[in-house]
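Here is a friendly briefing to read with the structure open beside you. Take it one topic at a time and find each part in the viewer as you go.

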Amino acid sequence: LPNPNHHKVNDAPVDDQNEIPKLQTPFLKVYLFGKFRVFLGDREIYDNRWKSKKAQMIFKYLLYHRSKGYLKKDVLMELLWPEDDPVKTAKRFHVALASLRKTLEPEITRGTPSSYISRSGDAYCIDTGDEGYVDIDNFKEELKLFQITKNTKESIGHLLKAEAIYVGDFLEE
């Protein structure tokens, strides 16, 4: 006999079904001024986690140019391995991209889409997440606000915020 006190999930009120916790992907927080630093949420990705310099270069390039949208794989390969054999560089590119995925998401398995690297055909882009932060974006925004703000006190406030963001040369290393 069925237990009258036992409820199926489908019998649960709609509000209760929506309270099932969803896994949240931490946002990326990236500093390009001064020492290059990357955080997944509050956890820093230290230099020793970057197993590939080429993976790090792909990340930096995609991150800096993400406002342009998706960047073609051929452009990235030419940047990393200029004038090399395209067949060899395609293999190297995919190895570097896999290394980048593992750096950002150590638990990711083959065939699982990345939360941070999006692909459209043979083009790629970086997604920092809804609360993502890139210092250079905030720096540019503060300078823009400085230029358009009419109130002198507010204008100077934006300039001081931009100055505080600038902690060293762009990708100083």
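What follows covers two sheets, the helices that pack around them, and a pocket.

Please keep in mind that this is a predicted model. It has an open sheet of 4 strands and an open sheet of 3 strands, and its largest pocket holds about 420 Å³ of space.

**The four-stranded sheet**
- Reading across this open sheet, the order is β3-β2-β1-β7, and the pairing is mixed.
- β3 (43–45) and β7 (133–134) are the edge strands, each pairing on one side only.
- Strand β1 (residues 28–31) runs parallel to β7, and 2 bridges join them.
- To find β7 from β1, look for Val 30, which stands opposite Val 134.

**The three-stranded sheet**
- Here the strand order is β4-β6-β5, and the pairing is antiparallel.
- β4 (71–72) and β5 each have a single partner strand, so one side of each has no neighbour in the sheet.
- Strand β6 (residues 123–126) pairs with β5 over 4 bridges, in the antiparallel sense.
- Ser 118 has Cys 125 in β6 as its bridge partner.
- Helix α2 (residues 53–64) packs on this sheet and touches β4 and β6, with its direction at about 80° to that of β6.
- α4 also packs on the sheet, where it touches β5 and β6, and its direction makes about 140° with that of β5.

**Where α3 meets α4**
- How do helix α3 (residues 73–80) and α4 pack? Their angle is about 95° and their axes are 10 Å apart.
- Since angles of 65 to 115 degrees count as roughly perpendicular, that is the term for α3 relative to α4.
- On the α3 side, the contact is made by Lys 73, Leu 76 and Met 77.
- On the α4 side, Pro 86, Thr 89, Ala 90, Phe 93 and His 94 take part.
- By class, the residues of this contact are 5 nonpolar, 2 polar and 1 charged.

**The largest pocket**
- 16 residues line the largest pocket, and those nearest its centre are Leu 97, Ala 98, Arg 101, Gly 111 and Thr 112.
- Which elements give two or more residues to the lining? They are α4 (86–104) and β5 (117–120).
- α4 gives the most to this lining, with 5 residues.
- The lining is made up of 6 nonpolar, 6 polar and 4 charged residues.

Methods. Residues numbered from 1 in each chain as written. Predicted model: local features only at pLDDT ≥ 70, side-chain atom pairs only at ≥ 80, totals over all residues. Heavy atoms only, no water. 1 Å grid on protein atoms, 1.4 Å probe; cavity = no way out; pocket = protein on both sides within 12 Å on 5 of 7 lines; lining within 4 Å. Points joined across faces, edges and corners; volume = space filled by probe spheres on them. Nonpolar A, V, L, I, M, F, W, Y, C, P; charged D, E, K, R; others polar. Axes fitted to C-alpha atoms, helices over the stretch in contact; angles between N-to-C directions. Parallel < 35°, antiparallel > 145°, perpendicular 65-115°, else oblique. Contact = heavy atoms within 4.5 Å. Pairing = 2+ DSSP bridges.
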